[in-house]
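Subject: Structure for you, with notes

Hello,

Here is the structure I promised to pass on. My notes follow below it.

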Amino acid sequence: QVQLVESGGGLVQAGGSLRLSCAASGSGFSINHMGWYRQAPGNQRELVAIISSGGRTNYADSVKGRFTISRDNAKNTVYLQMNTLKPEDTAVYYCNANIFNYGSLRNYWGQGTQVTVSS
């Protein structure tokens, strides 16, 4: 059973920074792409950033130039460095990973971590 465990959310003032981490645990799996999504109250879940197994990245327009996604394949961990945070970045952030595990390929989700940016 593969699990994604997130950490690093919290409360920060506008202009501040936070770093989110998400580690995959289990056995017998390999990870394709990994990413971060967010969902604000009343809104649909949206893609924030995604990174391929080879390190290619893609970002939502709203976070380009402020957020950086990275991964450590040896640790099965993906990070999201968030700088120059804005109140509109407030949301629950979810880690996502596309994982091949015991013959099946599927998406896994973390439990979510709250990010609150005060003005």
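A residue counts as buried here when its relative accessible area is under 20%. Asp89 has a relative accessibility of 0%, so this residue is buried. Please keep in mind that this is a predicted model.

**The salt-bridge network**

I began with the charged side chains. Side chains of opposite charge can pair when their charged atoms come close. Searching the whole structure gives four salt bridges. Arg38, Glu46, Arg66 and Asp89 are joined in a network of such bridges.

Start at Glu46. Its salt bridge to Arg38 has its closest N and O atoms 2.7 Å apart. Glu46 is partly exposed, at 37% relative accessibility. Arg38 is buried, with a relative accessible area of 6%.

Arg38 also forms a salt bridge with Asp89, at 3.0 Å from N to O. Arg38 sits in strand E4, while Asp89 is in the loop between E8 and E9, so this pair ties together parts 51 residues apart in sequence.

Asp89 in turn meets Arg66 in a salt bridge, 2.8 Å from N to O. This pair links distant parts of the chain too: the loop between E8 and E9 holds Asp89, the loop between E6 and E7 holds Arg66, and the two residues are 23 apart.

**Around Arg66**

Is Arg66 buried or exposed? Its relative accessible area is 10%, so Arg66 is buried. The loop that carries Arg66 runs between strand E6 (57-59) and strand E7 (67-72). The Arg66 side chain also reaches the backbone oxygen of Thr84, at 2.9 Å. Leaving aside residues up to four places away in sequence, Arg66 touches Gln81, Met82, Asn83, Thr84, Leu85, Lys86 and Asp89.

**The four-stranded sheet**

Next, a sheet. Four strands make an open, antiparallel sheet in the order E1-E3-E8-E7. Strand E1 (3-7) and E7 are at the edges, each with a single partner strand, so one side of each has no neighbour in the sheet. On average, neighbouring strands here are turned by 15° against each other, direction ignored.

The pairings at both edges are worth a look. E1 pairs with strand E3 (residues 18-25) in the antiparallel sense, over five bridges. There, Val5 has Ala23 in E3 as its bridge partner. At the other edge, E7 pairs with strand E8 (residues 77-82), again antiparallel, over six bridges. Asp72 has Thr77 in E8 as its bridge partner.

Side chains alternate along E1. Leu4 and Glu6 point to one face and are buried. Gln3, Val5 and Ser7 point to the other face and are not buried.

**The nonpolar core**

Which residues have the most contacts inside the largest nonpolar core? They are Trp36, Leu80, Met82 and Tyr93, in a core of 32 residues. Seven named strands come in here: E3, strand E4 (29-39), strand E5 (46-51), E7, E8, strand E9 (91-101) and strand E11 (113-118) each supply at least two residues of this core. E9 gives the largest share, five residues.

Met82 links two of these topics. This residue is among those with the most contacts inside the core, and Met82 also touches Arg66.

If you open the model with one thing in mind, begin at Asp89: this buried residue has salt bridges to Arg38 and to Arg66.

Best wishes

How values were computed: Residues are numbered from 1 along each chain as its sequence is written. This is a predicted model: local features need pLDDT of at least 70, side-chain atom pairs count only at pLDDT 80 or more; totals for chains, interfaces and linings use all residues. Side-chain values use heavy atoms; hydrogens and water are left out. A polar contact is a pair of N or O atoms within 3.5 Å; within protein, one must be able to donate a hydrogen and the other to accept it, and residues adjacent in sequence count only if both atoms are side-chain atoms. Contact means heavy atoms within 4.5 Å. Two strands pair if DSSP finds at least two bridges between them. Axes are lines fitted to C-alpha atoms, for helices over the stretch in contact, and angles run from 0 to 180 degrees between N-to-C directions. Buried means under 20% relative accessible area, exposed over 50%, partly exposed in between (1.4 Å probe, protein chains only). A nonpolar core is a set of buried Ala, Val, Leu, Ile, Met, Phe, Trp, Tyr and Cys residues joined through side-chain atoms within 4.5 Å. A salt bridge is a side-chain nitrogen of Lys or Arg within 4 Å of a carboxyl oxygen of Asp or Glu.
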